[in-house]
Amino acid sequence: MSALEHLPGIDNGLLRFLTCGSVDDGKSTLIGRLLFDSKTILADTLNAMEKTSAKRGMTAVDLSLLTDGLQAEREQGITIDVAYRYFSTGTRKYIIADAPGHEQYTRNMVTAASTANLAIILIDARKGMLNQTRRHSTLAHLLGIPHLLVAINKMDLVDYDQATYENIKAEYLKFAHKMGLKDVRFIPLSALSGDMVVDRGERMPWYEGPTLINILETAPAAHTERPEAFRFPVQYVCRPQDSANPALHDYRGFMGRVESGEIAVGDAVTVLPNGLTSRVKAIEIGGQKIERAIHEQSVTLLLDDEIDTSRGDMIVKSAEAPEAVKQIDANVCWMAEAPMSPARTYLIRHTSREVKAKIAKIDYRLDINTMEHESVDTLAMNDIARLTLKLAQPIFADPYRSNRATGAFIIIDESTNNTVGAGMIV
């Protein structure tokens, strides 16, 4: 039985994962191998890859072309932008984010990591751990990715030597212990030849663990590892007021996405910020009534009582209401080319709510390479820092560690409407 043959009818849910590593560690090639060996590449895509590979003078297909989509990436042989790829097996669907390894593209990696539930940290077996390895592991930990998989790649270039693998593993474990990284797994592989990616191959009999695809197939999906509080930011209030249809005359539905938790008809809810309570009268999705809605479903909630609610409000279960806060401490990645100005007022977009904010203080800038805290007066592009922000109106937030949807926000420049930063509430 191949690695992709499973019992029918099993669905392990959607897994979003991230690949990151230093330049030429083989991130894009690994993703290409994963898609190629799992038979998810279309014929026309494969044909285009063969032509491009031939132009480069290669005798085999360059699998990295599947993710290096920008012309500059193809010319330089590097990854610049975040490339997303989608594929599915018999048991689950996947969204892969191929993040750039260069330090000047830290903001791109932060974007890719914000929704990932697992990160694959690639290490070149010839080079071992580098500063980039530590930096990417630190970023993955900082961004709340719960599961790390250290893939020691290019084993074919070290003659599939077990001692090389064990030495790198031991060095990484020392670093992981120092950083407080908990769920870390290791796998030796060769993305170029395909060993331990989808098929085991025959050149590493000393490794008895699962293949990469086996690990991905069984990794926990988001929202499945612990109970979560119900959070429903209101995006739109639906009032058809169709005089021709009496059933819609008094219709008042609150539309949005269940960011976490679940809700059922009859549950007691509280609407924030007004604090009024009611019960769920009905739940609709696509015009059809359902009894229960779960995380990441976009639904319409109808309540027993007429409550003044608008976009930016949040519906929660009455027993699980978050605290309203007007000051937050957060880790922020600055994304704009223009530096941060502590004297300016910015907009904070938290779920569907927008409030004005001022930078109360910059506690420190984090040197990702050394983990040292540096005192600064402003932030430049790709800087990561701990900030304190004061808000003009309250938001209803959870710590990022417990809820990534309601613990995250973006910072917007009022004058340009550009996103200039992304934050994680501490």
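User: Let's start with N331: is this residue buried or exposed?
Analyst: Happy to begin there, keeping in mind that this is a predicted model. The relative accessible area of N331 comes to 12%. The cut-off for burial is under 20%, so at 12% N331 counts as buried.

User: Which element holds N331, and which side chain joins that of N331 in a polar contact of 2.9 Å?
Analyst: N331 belongs to strand 16, which covers residues 324–334. Beyond its neighbours within four places in sequence, N331 touches L142, A385, R386, A422, G423, M424 and V426. From that group, the side chain in the 2.9 Å polar contact with N331 is that of R386.

User: How many bridges pair strand 16 with strand 20, and which residue of strand 20 is the bridge partner of V332?
Analyst: Strand 16 and strand 20 pair in the antiparallel sense, with nine bridges between them. A385, already named among the contacts of N331, is also involved here. Across from V332, the bridge partner in strand 20 is A385.

User: Strand 18 pairs with strand 20 too; which residue stands opposite A385 there?
Analyst: Strand 18 spans residues 353–366 and runs antiparallel to strand 20, with seven bridges joining them. A385 is the bridge partner of V332, and on the strand 18 side the residue opposite A385 is R365.

User: R353 also lies in strand 18; which backbone oxygen lies 2.9 Å from a polar atom of its side chain?
Analyst: R353 has a relative accessibility of 11%, so this arginine counts as buried. Its contacts outside the four-place window include P273, G312, D313, I348 and P394. The backbone oxygen of G312 is 3.4 Å from a polar atom of the R353 side chain, while the backbone oxygen at 2.9 Å belongs to P394.

User: How far apart in space are the C-alpha atoms of R353 and P394?
Analyst: In sequence, 41 residues separate R353 from P394. The two are in contact, and a polar atom of the R353 side chain reaches the backbone oxygen of P394. From C-alpha to C-alpha, the separation is 9.7 Å.

User: Turning to charged pairs, how far apart in sequence are the parts tied together by R252 and E306?
Analyst: R252 and E306 form a salt bridge with their closest N and O atoms 3.9 Å apart. R252 sits in the loop between strand 7 and strand 8, and E306 in the loop between strand 14 and strand 15, so the parts they tie together are separated in sequence by 54 residues.

User: Which residue of that pair is exposed?
Analyst: R252 has 16% relative accessibility, so R252 counts as buried. With a relative accessible area of 59%, the exposed residue is E306.

User: What is the N to O distance in the salt bridge of R344 and D413?
Analyst: R344 is in the loop between strand 16 and strand 17, and D413 in the loop between strand 21 and strand 22, so this pair ties together parts 69 residues apart in sequence. R344 counts as partly exposed at 31%, whereas D413 is buried at 10%. The N to O distance between their side chains is 2.8 Å.

User: And how many salt bridges does the structure hold?
Analyst: Another example pairs K361 with D363 at 3.3 Å, N to O. Salt bridges with shared partners also join D124, R126 and K154 into one network. For the structure, the count is 19.

User: How many of the eight residues in helix 4 are buried, and which elements help cover them?
Analyst: Helix 4, residues 106–113, is mostly covered, with six of its eight residues buried. Those six are T106, N108, M109, V110, A112 and A113. Their cover includes strand 1, strand 2, strand 3, helix 5, strand 16 and strand 20.

User: How many disulfides does a search of the whole structure find?
Analyst: Two cysteines worth a look are C20, buried at 0% relative accessibility, and C333, buried at 1%. A disulfide needs a pair of cysteine sulfur atoms within 2.5 Å. Across the whole structure, the number found is zero.

User: To finish, what share of the residues in the chain is buried?
Analyst: The chain has seven helices and 22 strands. Of its contacts with a separation of 6 or more, 70% link residues 24 or more positions apart. About 19,800 Å² is exposed, with carbon and sulfur atoms supplying 49% of it. Of the 426 residues, the buried share is 50%.

Technical notes
Residues numbered from 1 in each chain as written. Predicted model: local features only at pLDDT ≥ 70, side-chain atom pairs only at ≥ 80, totals over all residues. Heavy atoms only, no water. Buried < 20%, exposed > 50% of the residue type's maximum accessible area, 1.4 Å probe, protein only. Helix = DSSP H or I, 4+ residues; strand = E, 2+ residues; numbered from the N terminus. Polar contact = N/O pair within 3.5 Å; in protein donor to acceptor, adjacent residues only side chain to side chain. Contact = heavy atoms within 4.5 Å. Salt bridge = Lys/Arg side-chain N within 4 Å of Asp/Glu carboxyl O. Areas by Shrake-Rupley, 256 points an atom, 1.4 Å probe, with all protein chains shown as cover. Pairing = 2+ DSSP bridges.
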